[in-house]
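Colleague: I'm new to this one and would like to talk it through. Could you show me the structure before I start asking how you know things?

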Amino acid sequence: MDLSGIFLGFSIALLPLNLFYCLVGVTLGTFIGVLPGLGPLVTISVLLPITFGLPPETAMIALAGIYYGASYGGSTTAILVNIPGESSSVVTCIDGYKMALQNRAGPALAIAALGSFFAGSVATLVIALFAPFLAQSALSFQSPEYFSLMVLGLVTATALSDGALSKSIGMVIVGILLGVVGTDVTSGTFRFTFGVAQLTDGLSFVLVAMGVFGLAEVIISLENPTTRVVMKTKIRDLMPSRQDIRMSIWPVLRGTGLGSILGILPGAGTTISSFISYAIEKRVSRDPSRFGKGAIEGVAGPESANNAAAQTSFIPTLTLGIPGSGTMALMMGALMVYGIAPGPRVMTSHPDLFWGLIASMWIGNLMLVILNLPLVGLWVKMLSVPYRLLFPAIIVLCAVGVFTLASSTFDVYLMAGFGVFGYILKKLDFPPAPLLLGFVLGPMMEENLRRSMMLSRGDIAIFLERPISLGMLILAVVLLVLAAVPAVRARRAALESE
Amino acid sequence: MISRFNDREFLSGLFLALIGGIGLVEARHYTFGSAIRMGPGYFPVVLSGLLLAIGAGIMIIAILNFEKTKIGAVNMRAVVMVTLSVVIFGVLLRPAGMIAAVSVTSVFAAFAQSGIRPLETAALALVLSTTMTLLFAFALGLSIPVWPQWI
């Protein structure tokens, strides 16, 4: 087993600059994880312009820290205040809050943090072992395989996203069309520029992300203000009892395994992992009636699952260039702005970025465990920051940030427009992640489709003749059918309401 | 009473169909090409057409569906003020510099909610304009006008 990558990774991750930004990232991530209404997707969108001054690996380390840090913060408020800071913490509310009411908030928080740390460590190992293997096998990919892989990625994302399937597919197509805006690489034709000179280079995805996620989110939050009740639960003792630990071992192990695997699949994410983990724990338990009344397995399993998934979801993004979720699409977009095209070659052409990122994930997890437990009281105080002080800051950050991309005030107006666009999407109940995925993958899909067609002299069967491509397309069709079957959808809805 | 224009699903379909329609109308000008040599118009036309079909489908199902979902109430104040606060930033940045622009933006933003607290808004404007200027213009060293043009 070639461990040189891991050594390289740690040598990079332990550089003072990267350590600092890792700390910044996970702290910020915990902070926004604690605050309901502000999630990793929004935060990363808004902060992207700020990270552009940093070297690429440092920026990725910080952004990744925000991403998996948020799941730690989300569990804190889920347990203490029954408010999920993140959608992946919804399940933790069920038993976690009950435990807090029984004066067992300390053990719940401790188990959540420790379970997450274990899961994060294992997931880091999974990435280190699995990713090179995946990248190797992907080196033989050519245009048809890439095209089919992207189709699979988009299909998985739509199949597993909430909301109507037709709307998800619609969003993907809208996203692809937005990606088409600009100059066609092959022919030089201006497409969808409507005579506007500033659009000839295409839409900046950061701009779109900030508008659709940042601004729209602000408008929606202003529409539905959530009243936060901060209940004072005294955290007496952080130490879990021996029995707590004993009962948590298997849920943590199961959750870690589940999350690690589900995270790799494009489309499945932290939220689904936590839901499925809860369902499994309940089904496997000797006394399922304890669930909902403060069963520690209901905290240990889901928290481990969502953290493992948060990290392994980097695998398809980094090794194949297929982002599995909206946030991963953001990360990938950020990489592309740096001129690093994610794909099988990333490991060999930018090993310091790849391995440095992986090593920093483990370090970040360590920081989080050390940070979170003692500072729990501080995080809860954060909840009392009123939204009316936060949202102007978000708006200003977006406005200034988008300007700095190209020193263009036109971009500012354009982003405002996308804010309204994103608001409409939310009002009409369109899932936003497929839009971003389509936007990031669309142009590449077209490129690969064109090349494949030229390779095959117009024979569409090329996608079906090559075994890998065929396999992926079959999988995509199966997933689409499964997602459309009403029974599966009802099951998912039931899972979500559990 | 849920009319066509309150029906969330109908509007969703309409939204998609409109985008698809605009895409088709625009993309038909581009060279279509053939399967072997796809022109710039191939992908956009096919996708726009697909989108139009999906949108139309959703609209039809919405009309036929007995159960309708009403669209949530729109807080026009929030929509307008948030959008306006971003736009005003773009308008003011070059002539007035960042400090002024951020201040005005945060004041506009504060108006997005009901109930204004003048002292708090003023303080927030001050804090935001100074921190943002320090962060972007100085700490990150980006070229962004800080002071008004006539200074």
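Modeller: Sure, and one term before anything else: contact means heavy atoms within 4.5 Å. By that rule B:Ser106 touches A:Pro392, B:Ala125 and B:Leu128, not counting residues up to four places away in sequence. Two ground rules as well. This is a predicted model, where local features need pLDDT of at least 70, side-chain atom pairs count only at pLDDT 80 or more, and totals for chains, interfaces and linings use all residues. Residues are numbered from 1 along each chain as its sequence is written, chains are lettered from A and ligands numbered from 1 in the order in which they are written, and side-chain values use heavy atoms, with hydrogens and water left out.

Colleague: What makes B:Ser106 buried or exposed?

Modeller: Buried means under 20% relative accessible area, exposed over 50%, and partly exposed in between (1.4 Å probe, protein chains only). B:Ser106 has 2%, so it is buried. Its place is in helix α3 of chain B, residues 76–110. Helices here are DSSP runs (H or I, at least four residues), as are strands (E, at least two), and they are numbered from the N terminus.

Colleague: What pLDDT does chain B average?

Modeller: Chain B averages 86, and 98% of the residues score at least 70; pLDDT is the predictor's confidence in each residue, from 0 to 100. The model scores ipTM 0.91 and pTM 0.80.

Colleague: Over to chain A. How does its radius of gyration sit against a compact globule?

Modeller: The radius is taken over C-alpha atoms, and the globule rule is 2.2 Å times the number of residues to the power 0.38. With 498 residues, that rule gives a value near 23 Å; chain A has 22 Å, so the two agree. Its C-alpha atoms fill a box of roughly 70 × 50 × 50 Å along the principal axes.

Colleague: And what is chain A built from, and how many of its contacts reach far along the sequence?

Modeller: Chain A has 23 helices and 2 strands. Among its contacts between residues at least 6 apart in sequence, 79% join residues at least 24 apart. Of the 498 residues, 62% count as buried.

Colleague: Which residue shows me such a contact, and where does A:Thr124 lie?

Modeller: A:Thr124 lies in helix α6, residues 105–138, of chain A. Leaving aside neighbours within four places in sequence, A:Thr124 is in contact with A:Gln311, A:Ile358, A:Met361 and A:Trp362. The C-alpha atoms of A:Thr124 and A:Gln311 are separated by 7.0 Å, although the two are 187 residues apart along the chain. At 8% relative accessibility, A:Thr124 counts as buried.

Colleague: Why is A:Thr51 called buried?

Modeller: Because its relative accessible area is 8%. A:Thr51 is in helix α3 of chain A, residues 40–51. Beyond neighbours within four places, A:Thr51 is in contact with A:Ala59, A:Leu63 and A:Tyr338.

Colleague: What is the phi of A:Phe192, and where is A:Phe192 found?

Modeller: Phi of A:Phe192 is near 55°, a positive value in a residue other than glycine. Most residues other than glycine have a negative phi. A:Phe192 is found in the loop between β2 (190–191) and α9 (205–223) of chain A, and at 7% A:Phe192 counts as buried.

Colleague: What about A:Ser407: buried or partly exposed?

Modeller: A:Ser407 has 32%, so it is partly exposed. Its phi is positive too, about 50°, and A:Ser407 is in the loop between α18 (387–406) and α19 (409–427).
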